[in-house]
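Student: I should like a close look at one part of this structure. Please choose one buried aromatic residue, and then work outwards from there to whatever surrounds the ring and its partner.

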Amino acid sequence: MTLRLYDTASRQTREFESIEPGRVSLYLCGATVQAPPHIGHVRSAVVFDVACRWLSASGYRVTFCRNVTDIDDKIIARARAEGRTEAEVAGQFEREWWAAMDGLGVQRPTHAPHATEWVDQMVALIADLLASGHAYETEDGAYLSVESVEGYGLLKHQSIESLRAGARVEVDEHKRSPVDFAL
């Protein structure tokens, strides 16, 4: 059986071809462990679980990485409000996440790196983006300048100009453009 996938960039269905014969690597942005898991979190986990199982059953060696975002503004705010540490809040909800996945029979990823393990590399990457002009600093943080990214909006098939300000988040007066996002 042949696996055919929809290619959002080209708007065509294409036959799957692995980059390296017999091997497949998949990455999924995993849960932000700030609250109990819900159906929105679970959907992507189940979809990738099915994909990994199909690829494995088809003879591919699959490496699957799904990160755990164990620090963000909402985790910090919840920790402060509840008088706990960020690690305690993230730990509680990560345990709930894995329990939910186990309850659904979703296989564990090959790798599940935590954001807090990569902070130094994130800071270095942001410094590189600032130095190259792809990001800028304001009084409240650093932002990616989406206008500096060639092809930004390709998967939505929208130009930067057509993206609506405030569609996902409130407009921030510190940003140069409403579509720029915090790093």
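Tutor: Let us begin with Phe64, which counts as buried because its relative accessibility is 5%, under the 20% cut-off. Please keep in mind that the model is a predicted one, and that buried residues make up 27% of the 183 residues of the chain.

Some orientation is useful before the details. The chain has four helices and seven strands, and from the N terminus on these elements follow the order β-β-β-α-β-α-α-α-β-β-β. Along its principal axes, the C-alpha trace spans about 55 × 45 × 30 Å. Among contacts with a separation of 6 or more, 65% are between residues 24 or more positions apart.

How many aromatic pairs does a search of the whole structure find? The search finds three, and I shall describe two of them, including the pair formed by our starting residue.

Consider first the pair of Phe16 and Tyr60. Their ring centres are 5.7 Å apart and their planes stand at 80 degrees; an angle over 60 degrees makes a pair edge-to-face, so this pair is edge-to-face. Phe16 belongs to the loop between strand S2 (12–15) and strand S3 (23–28), while Tyr60 belongs to the loop between helix H1 (39–57) and strand S4 (61–66). The pair therefore ties together parts that are 44 residues apart in sequence. What is the relative accessible area of Phe16? The value is 22%, so Phe16 is partly exposed, and Tyr60 is likewise partly exposed, with a relative accessible area of 22%.

Now we return to our starting residue and its partner. The rings of Phe48 and Phe64 have centres 5.8 Å apart and planes at 15 degrees; planes under 30 degrees apart count as stacked, so this pair is stacked. Because Phe48 lies in helix H1 and Phe64 in strand S4, the pair ties together parts that are 16 residues apart in sequence. The two partners are not equally covered: Phe48 has 22% relative accessibility and counts as partly exposed, whereas Phe64, at 5%, counts as buried.

The partner ring leads us to helix H1, and from there to another helix. Two packed helices are described by the angle between their axes and the distance between the axes. H1 packs with helix H3 (residues 86–104) at an angle of about 55 degrees, and their axes are 11 Å apart. H1 and H3 therefore count as oblique to each other. Their crossing is right-handed. Which residues make this contact? His41, Val42 and Ala45 take part from H1, together with Trp97, Met101 and Leu104 from H3.

Another residue of H1 is Val50. Is Val50 buried or exposed? Its relative accessibility is 51%, and a value over 50% counts as exposed, so Val50 is exposed. Val50 and Val106 are 56 residues apart along the chain, yet their C-alpha atoms are separated by 8.6 Å.

One can now follow H3 to a further neighbour. The axes of helix H2 (residues 73–82) and H3 come within 8 Å and cross at roughly 110 degrees. Angles of 65 to 115 degrees count as roughly perpendicular, so H2 is described in this way relative to H3. Here Ile75, Ile76, Arg78, Ala79 and Glu82 of H2 meet Glu86, Val89, Ala90 and Phe93 of H3.

A residue elsewhere in the chain serves as a contrast. Ala127 lies in helix H4 (residues 119–132) and, at 40% relative accessibility, counts as partly exposed. Between Ala127 and Asp49, which are 78 residues apart in sequence, the C-alpha to C-alpha distance is 35 Å.

To summarise, the route began at Phe64, which is buried, passed through its stacked pair with Phe48, and continued along H1 to the right-handed crossing with H3. It then reached H2, whose axis comes within 8 Å of that of H3.

Notes:
Residues are numbered from 1 along each chain as its sequence is written. This is a predicted model: local features need pLDDT of at least 70, side-chain atom pairs count only at pLDDT 80 or more; totals for chains, interfaces and linings use all residues. Side-chain values use heavy atoms; hydrogens and water are left out. Rings of Phe, Tyr and Trp (its six-membered ring) pair if their centres lie within 6.5 Å; planes under 30 degrees apart count as stacked, over 60 as edge-to-face and the rest as tilted. Helices (H or I, at least four residues) and strands (E, at least two) are DSSP runs, numbered from the N terminus. Buried means under 20% relative accessible area, exposed over 50%, partly exposed in between (1.4 Å probe, protein chains only). Axes are lines fitted to C-alpha atoms, for helices over the stretch in contact, and angles run from 0 to 180 degrees between N-to-C directions. Angles under 35 degrees count as roughly parallel, over 145 as roughly antiparallel, 65 to 115 as roughly perpendicular and the rest as oblique. A crossing is left-handed if the near helix is turned anticlockwise from the far one by less than a right angle, and right-handed if clockwise. Contact means heavy atoms within 4.5 Å.
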